[in-house]
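This report looks at how the strands and helices of one protein chain are arranged, and at how its charged and nonpolar side chains are placed. The sequence and the structure come first, and the description follows.

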Amino acid sequence: MLRYTYREMTTFSLVLLLLGWALFLLDSVHSRWVEGRVRAQVAGQMVQQGVALGNTLNSKISLLYGLRSFVEVDPSEARLDREFEHIAASLQENAVGVRALQLVRNGKIIYMSPMEGNEAAFGHDLLNDPRPSVTETVRKAMTSRTVTINGPLELKQGGAGLVARLPIRCNDETWGLAAVVIDLPALFAEAGIISSDGSMRIAARDHNRDVFFGDAEVFTQKPEIQRIPLLDGSWEIAAAPVTGWLSLVHDQILSFRVASGVVLLLLMSLFVVSTRNKYVLHKLVARRTQELRTLNDELKQEVNARRRTEVELVTARDEAEHSARLKDAFIATMSHEIRTPLHVILGYVDLLRGPEEEIAQDKDMYIASMKTAGNRLMRTIEELLHISSLRSGTYKPKKKDIELVSTTKNIFRNYYDIAAERGLELVWRSDIVRAQLHADPYSIEQALTNLLDNAFKYTEKGAIEVAVTGNEKQCSVSVRDSGIGISEDYIQHVFDTFSQEKSGYNRPYDGIGLGLALTKRYVDLHGGNIRVESEKGRGSTFTITLPSIATVRHRIPETESCDLRPVVEAPTLTFIRGTANVA
């Protein structure tokens with residue numbers, strides 16, 4: 001009971017820690033969510049205030065169009081002296097925050113309303129103003145056709161403000177500028193941007209990031225920022241709580257944390273109440289589990305025994321079927337390979353018994369065919385003996401130092417006549433002069449001969465190429481042909497004993513399927529390897545790689561080929577070399 005309780009306590013403690021960590025993360029997420037909601041509310045208010053500020057600013061700027069229309073009707077000095085003050089006063093009647101309306105001619109302020117409080121600016125030459133932004137915007141306004149805004153800036157008459165200027169054109173020429181001076185604090189107050197309860201700190205900066213309203217520190221307190229596009233650039237209005245964002249959501253966060261603590265306490269109480277019941281249930285479950293395990297083990301043993309028996313039966317059946325297929329194929333192949341040469345020999349023996357004068361012309365051909373059939377029969381018997389000795393381990397290779405390049409070239413040149421008779425191109429390539437091996441000469445020669453015999457057997461036209469390459473550790477001999485190739489399905493069985501891609505009495509090629517199997521075993525005896533690359537209908541490449549003692553490379557690769565002779569029409573004969581050992 002105590003051991004179980006300690007284990008439960010340990011588990012519960014770990015779970016409690018994980019739960020506490022999870023609640024901590026949840027609290028962080030909740031705090032950010034609450035803060036985000038408050039920020040969204042502030043952002044919504046700032047959007048409304050930004051729209052209000054834009055509308056308020058546009059209402060002030062719209063006064064310029066009325067003032068321009070007034071001047072363009074009759075820009076005479078007498079009329080302006082008489083009516084400007086009255087028109088300007090009527091335009092400003094309901095415009096809160098407009099410090100003055102001005103007419104600028106040749107860069108100088110020549111008319112201003114009201115004059116009171118703006119005396120310092122009257123007559124001022126704006127083109128020679130020490131403030132670069134003033135001169136720049138005045139020149140821009142004189143060449144533009146739209147409103148140009150200058151500021152925020154410190155006004156000549158005192159205070160912070162904006163100056164909006166609109167060109168006045170008479171007779172297709174710029175007469176001067178109409179200007180409205182807007183008081184910046186009054187503009188923000190009219191737009192409702194100034195916090196009424198003092199809980200929010202608000203600041204504004206221009207497109208050059210120069211703060212012209214409020215405290216610049218607001219932009220460092222992760223504020224909510226609202227961008228307000230203007231005719232020339234834009235403003236950014238920033239708002240942040242005076243005491244920080246968390247102070248606005250303190251009560252909600254505290255409530256969430258108290259609720260989390262209550263949940264933890266309830267979980268601990270539930271654990272204390274359920275521990276005893278869990279212990280009793282644990283003992284009952286453990287006893288029943290042990291009984292079920294015993295029964296399950298017995299069932300598993302019985303099922304495994306049945307499965308083993310079933311697998312053994314299936315394996316035995318497959319092996320029996322495979323053996324039966326191999327036996328049938330072997331019998332069919334051996335029958336064909338033994339009976340066919342015997343039929344040839346017996347047939348020609350009967351022909352040789354005929355009158356001398358009738359067979360004299362074909363006698364040599366009969367004898368050659370009988371010899372070929374005898375060699376084929378001898379080859380079949382030799383292959384069976386060789387594979388038997390290799391599989392039983394009784395074959396003992398007689399290794400000595402041999403030179404691979406000359407050995408391969410000698411075998412290669414033995415096929416010149418065959419290649420010429422069949423119209424095949426025979427090509428030799430080598431990038432090494434010598435390759436010294438410690439190997440059994442008979443095994444190496446038989447392996448190379450088998451590959452060349454196979455290439456000639458399955459190639460009707462095109463070329464057969466023998467290539468020798470190597471380095472200081474190993475050398476390779478490749479035999480490439482343009483014959484019938486090997487299918488993808490059969491290529492993995494190409495080195496199996498008694499294996500041919502097409503079997504049966506009607507197969508187009510002779511042999512008992514031992515040539516490549518013997519070649520692989522000969523190569524394996526020397527610690528080498530053989531690989532094949534082939535595409536059906538495109539030809540095959542067999543490559544033997546053997547460890548070498550030393551090699552000497554050609555400075556220029558050696559190439560040799562035999563001359564092709566025209567194909568002569570003749571009776572179809574099966575050609576088998578006396579040294580051949582390939583299916």
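## Salt bridges and their surroundings

With a relative accessibility of 15%, E465 counts as buried, because the buried class covers values under 20%. The model is a predicted one, and in it the side chain of E465 meets that of R480 in a salt bridge, at 2.7 Å from N to O. This pair links distant parts of the chain, since E465 belongs to strand β12 (residues 463-470) and R480 to strand β13 (residues 474-481), 15 residues apart. R480, with a relative accessible area of 41%, is partly exposed, whereas its partner E465 is buried.

In general, side chains of opposite charge can pair when their charged atoms come close. The structure holds 17 salt bridges, and the table lists some of them with their N to O distances.

| Acidic residue | Basic residue | Distance, N to O |
|---|---|---|
| E465 | R480 | 2.7 Å |
| D318 | R317 | 3.3 Å |
| E535 | R538 | 3.8 Å |

In the pair formed by D318 and R317, D318 is partly exposed at a relative accessible area of 35%, and R317 is likewise partly exposed, at 46%. For the pair of E535 and R538, the classes differ: E535 is partly exposed with a relative accessible area of 45%, while R538 is exposed with 60%. Salt bridges with shared partners also join R79, R82 and E83 into one network.

## The five-stranded sheet

Five strands make up an open sheet with antiparallel pairing, in the order β2-β1-β5-β4-β3. Its edge strands are β2 (108-113) and β3 (148-154), each of which pairs on one side only. From one strand to the next, the twist averages 25°.

Within this sheet, strand β1 (residues 98-105) runs antiparallel to strand β5 (residues 173-183), and six bridges join the two. Q102 has its bridge partner in β5, namely A179.

Two helices pack on the sheet. Helix α2 (residues 63-73) touches β1, β4 (160-170) and β5, and its direction makes about 35° with that of β4. Helix α4 (residues 132-143) touches β3, β4 and β5, and the direction of this helix makes about 165° with that of β3.

## The four-stranded sheet

A further open sheet consists of four strands in the order β7-β6-β9-β8, again with antiparallel pairing. Because β7 (211-213) and β8 (224-229) stand at the edges and have a single partner strand each, one side of each is left without a neighbour in the sheet. Neighbouring strands here are turned by 30° against each other on average, when direction is ignored. The edge strand β8 is joined by six bridges to strand β9 (residues 234-241), and these two strands run antiparallel. I225 has A238 in β9 as its bridge partner.

## A nonpolar surface patch

Apart from the charged pairs, the surface carries a nonpolar patch formed by L254, V258, V262 and L266, which together have about 370 Å² of accessible area. Among these residues, V262 lies in helix α7 (residues 250-352). V262 counts as partly exposed because its relative accessibility is 44%, a value that falls between the limits of 20% for buried and 50% for exposed.

Conventions. Residues are numbered from 1 along each chain as its sequence is written. This is a predicted model: local features need pLDDT of at least 70, side-chain atom pairs count only at pLDDT 80 or more; totals for chains, interfaces and linings use all residues. Side-chain values use heavy atoms; hydrogens and water are left out. Two strands pair if DSSP finds at least two bridges between them. Axes are lines fitted to C-alpha atoms, for helices over the stretch in contact, and angles run from 0 to 180 degrees between N-to-C directions. Contact means heavy atoms within 4.5 Å. Patches are made of residues with over 30% relative accessible area and no salt bridge: like charges are joined within 9 Å, nonpolar side chains (Val, Leu, Ile, Met, Phe, Trp, Tyr) within 5 Å. Accessible areas come from the Shrake-Rupley method with a 1.4 Å probe; for residues, only the protein chains shown count as cover. A salt bridge is a side-chain nitrogen of Lys or Arg within 4 Å of a carboxyl oxygen of Asp or Glu. Buried means under 20% relative accessible area, exposed over 50%, partly exposed in between (1.4 Å probe, protein chains only).
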